[in-house]
Amino acid sequence: MPLKDKSTEGGPSVSPQEALDFHASGRPGKLEINPTKPMATQRDLSLAYSPGVAVPVKAIAEDPSRAFDYTTRGNMVAVISNGTAILGLGNLGALASKPVMEGKAVLFKRFADVDSIDLEVDTQDVEEFINCVRFLGPSFGGINLEDIKAPDCFIIEQRLREVMDIPVFHDDQHGTAIIAAAGLINALEITGRDMKTATLVCNGAGSAGIACVELVKSMGFSPQNVILCDTKGVVYQGRKEGMNQWKSAHAVKTDKRTLADAMDGADIVFGLSAQGAFSNAMIQSMAKNPIIFAMANPDPEITPEEVAEIRTDAIMATGRSDYPNQVNNVLGFPYIFRGALDVRATTINDEMKVAAAQALAALAREDVPDDVAAAYQGNRPKFGANYIIPVPFDPRLISAIPAAVARAAMDSGVARRPILDIEKYKQELSARRDPIASTLQRIYDRVRRQPKRVVFAEGEEEQVMRAAVSYVNQKLGTAILVGRDDQIRETARHAGVDLDRPGIEIINARLSRRNAVYADHLYERMQRKGFLFRDCQRLINNDRNHFAACMLALGDADAVVTGVTRNYSTALEDIRRVIDAKPGHRVIGASVALCRGRTVIVADTAVHDMPDSLEIADIAEEAAGFARRMGYEPRVALLAYSTFGHPQGERSARVQEAVRILDKRRVDFEYDGEMAADVALNPTLMRQYPFCRLSGPANVLVMPAFHSASISTKMLQELGGSTVIGPMLVGLNKPVQIVSLNAKDSDIVNMAAISAYSAGT
């Protein structure tokens with residue numbers, strides 16, 4: 001089956017109920033539409049609609065190209081399917097494909113800031129489908145076809161490309177081909193092979209297989225050295241059975257008839273077929289240093305472990321995220337459309353596809369940045385057999401791939417709006433990046449590589465149980481639920497939560513064999529702070545935060561998450577009785593806020609009520625260090641109601657003194673203050689102060705007091721539609737995170753993952 005980029009394939013397993021709850025929670029589905037212009041006054045409405053809208057209408061009627069200037073067309077892609085080949089599920093119809101198409105639209109926005117809308121066309125008649133889509137051309141800048149069965153998909157794409165003047169791209173074909181080609185370029189280099197002489201076998205003659213064969217030939221492979229196979233064997237000249245015009249185009253003159261024949265002595269094999277298609281004998285028969293891309297999903301034709309038992313000289317790629325070298329379509333389609341849209345390309349041609357593959361290959365050969373290396377637990381990946389394809393959260397993708405595609409479109413004559421300054425274009429692309437989702441993905445991926453034992457302190461709460469199950473299902477490690485076993489299981493039974501699975505443990509504090517050890521540890525810490533031993537014993541028996549913190553302190557767990565049943569300050573006080581600050585550090589709360597593609601870290605959002613100058617300086621240092629660990633280079637603004645001395649006031653003076661303290665410490669990050677929030681975030685306003693030491697808008701905001709931090713982040717969430725993660729505890733000697741009261745299970749899982757991530761830093 002063709003490789004897809006869908007969330008159900010090649011990634012962590014999810015339960016059916018989790019998936020349904022995710023799609024049903026809040027507003028059903030995964031998309032909504034928001035206006036990009038103000039709609040607050042009558043004048044706004046007059047400009048947006050009648051009578052003001054008549055002006056761009058007339059302008060577009062005079063010159064159709066102006067639609068790109070005055071409407072969303074230049075940044076809008078339609079994701080279109082008839083549901084005849086959904087995932088690996090088959091022909092389930094147009095309506096059933098809608099969740100997948102919505103997901104595709106989300107990926108367009110998330111990775112490349114391309115606006116997208118899904119359209120499900122309820123017909124299996126090829127001509128009807130073509131006629132439906134072709135007349136939608138004026139609405140969009142590009143068409144992404146998806147989940148359409150072969151051979152209909154070939155006919156539909158070819159015809160639509162002929163009659164439409166915008167890019168039409170069937171991702172099931174070309175997306176897989178482009179990513180596989182990128183990995184192949186690097187594998188060839190590592191093994192010292194030449195495209196002109198290397199032999200390649202492709203098993204699978206569906207849409208993705210045929211696209212792979214076409215692309216490698218356009219890159220320089222000799223047609224006679226590329227053998228296509230299907231379920232009936234080799235596609236050879238003269239074969240009659242199971243043939244069509246697309247297979248016939250790749251028939252070769254050969255006496256080989258079976259897949260085993262074809263793979264004997266082959267340098268490369270692409271698998272786009274089914275689990276188990278490659279036998280041990282087939283792999284053993286391949287040439288020295290074979291290149292094996294087993295891309296069937298969710299289970300490859302052969303696993304890396306199986307290959308390793310046969311031979312040690314192979315380079316492997318799969319479609320799965322839990323193995324090196326994942327062939328993931330999300331590395332391609334968002335960025336390819338981004339480049340095509342930005343030059344107003346009339347099509348996506350072979351030159352653009354090859355350019356995307358070459359740019360991906362080149363990126364894997366470059367030194368890996370810190371925020372990618374962080375996902376590998378300090379083991380910085382280097383170009384080689386286990387790193388021939390970039391990872392999806394590499395922040396350089398957004399600038400590298402679209403720029404290469406745009407340049408190829410211009411060079412091949414299909415660009416209607418050439419980009420004159422490619423370097424400036426790359427900078428603009430980087431500014432579109434949405435780092436918050438990639439930050440979470442990086443955290444999850446690193447924890448999967450080194451799973452952690454996380455204590456879920458409030459184990460009797462339903463959402464905590466669901467979070468624990470999700471933590472285990474996502475292969476992040478072991479979830480330890482603290483609570484009464486009978487109560488937990490009764491609640492789980494009523495809620496339909498299955499706790500009987502490897503990776504979930506239940507511990508009753510009263511019955512734990514470590515109870516006495518924890519009580520002794522707590523008493524040793526608290527005996528000079530007014531606590532009797534029986535007080536400490538009571539806390540260990542009855543308070544799950546103290547019990548969980550002792551588990552962490554004494555090495556029985558790697559991290560803790562709590563906070564669902566009590567307010568933040570109370571939970572923090574419980575934890576601080578057991579866990580100290582790191583030596584030389586100050587405990588703070590830091591929140592990550594994303595609003596319209598911009599990400600800022602806000603501190604302190606949890607601990608210090610009204611910090612003095614020294615505390616503000618410490619908070620700035622902790623927040624800067626946190627920013628770096630999360631993959632950002634900090635530009636720290638120390639905020640106040642004033643900007644550089646005007647208006648003057650006592651609270652502003654505290655911030656000014658904090659800046660002087662940082663000056664004396666000679667810290668290694670950008671900082672300045674005091675300044676108002678709009679100056680810190682608005683480059684135009686910042687330029688009014690040429691002496692400001694920040695090289696650009698701040699991405700770390702140090703608030704003058706806890707109340708201003710709390711108010712501002714909550715207002716961002718409620719009024720600005722921002723995503724806010726946190727507050728996250730920073731500076732403790734052991735990793736603990738406290739969620740908000742009555743947090744959702746998804747929030748608890750995120751904080752558990754963040755806590756586990758911190759256990760490795």
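This briefing introduces the cores, a helix, a strand pair and some backbone details of the structure above. Please keep in mind that it is a predicted model. A good place to begin is the largest nonpolar core, which has 105 residues. There is also a second, separate core, made of 66 residues.

**The two cores**

- Inside the largest nonpolar core, the residues with the most contacts are Ile143, Leu184, Phe221 and Phe270.
- Helix α8, spanning residues 171–191, gives this core its largest share, namely ten residues.
- If you would like one residue to look at, try Phe270: leaving aside residues up to four places away in sequence, its contacts include Ala180, Leu184, Leu200, Val201 and Cys202.
- Among the other residues that Phe270 touches are Phe278, Phe293 and Met295.
- The second core includes Val464, Ile616, Val655 and Val730.

**Helix α6 and its covered side**

- Helix α6 runs over residues 126–134, and Val126, Phe129, Ile130 and Val133 are buried in it.
- These residues lie on the same side of α6, because they cover an arc of only 100° around the axis.
- The cover over the buried residues of α6 includes β1 (76–81), β3 (142–145) and α7 (152–163).
- At the start of α6, Asp125 has a side-chain oxygen within 3.0 Å of the backbone nitrogen of Glu127.

**Strands β17 and β18**

- Strand β18 (residues 670–675) is mostly covered, with five of its six residues buried.
- Its parallel pairing with strand β17 (residues 635–639) extends over five bridges.
- Within this region, Leu639 has Met675 of β18 as its bridge partner.
- Between β17 and β18 the chain passes through helix α27 (residues 650–665), forming a right-handed β-α-β crossover.

**Cis peptide bonds**

- Ser50 and Pro51 are linked by a cis peptide bond, with omega near 5°.
- You can find Pro51 in the loop between α2 (42–48) and α3 (54–62).
- Another cis peptide bond joins Ala150 to Pro151, where omega is about 5°.
- Pro151 sits in the loop between β3 and α7, and both of these elements help cover the buried residues of α6.

**Positive phi values outside glycine**

- Asn289 is a residue other than glycine with a positive phi, near 50°.
- The loop between α12 (280–285) and β9 (291–294) holds Asn289, which is partly exposed at a relative accessible area of 26%.
- Lys475, again not a glycine, has a positive phi near 60°.
- Look for Lys475 in the loop between α20 (462–473) and β12 (477–482); with 41% relative accessibility, Lys475 counts as partly exposed.

Methods:
Residues numbered from 1 in each chain as written. Predicted model: local features only at pLDDT ≥ 70, side-chain atom pairs only at ≥ 80, totals over all residues. Heavy atoms only, no water. Core = buried A, V, L, I, M, F, W, Y, C linked by side-chain atoms within 4.5 Å. Buried < 20%, exposed > 50% of the residue type's maximum accessible area, 1.4 Å probe, protein only. Helix = DSSP H or I, 4+ residues; strand = E, 2+ residues; numbered from the N terminus. Contact = heavy atoms within 4.5 Å. Arc of directions from axis to C-beta. Polar contact = N/O pair within 3.5 Å; in protein donor to acceptor, adjacent residues only side chain to side chain. Pairing = 2+ DSSP bridges. Right-handed = clockwise from strand over helix to strand, strands pointing away.
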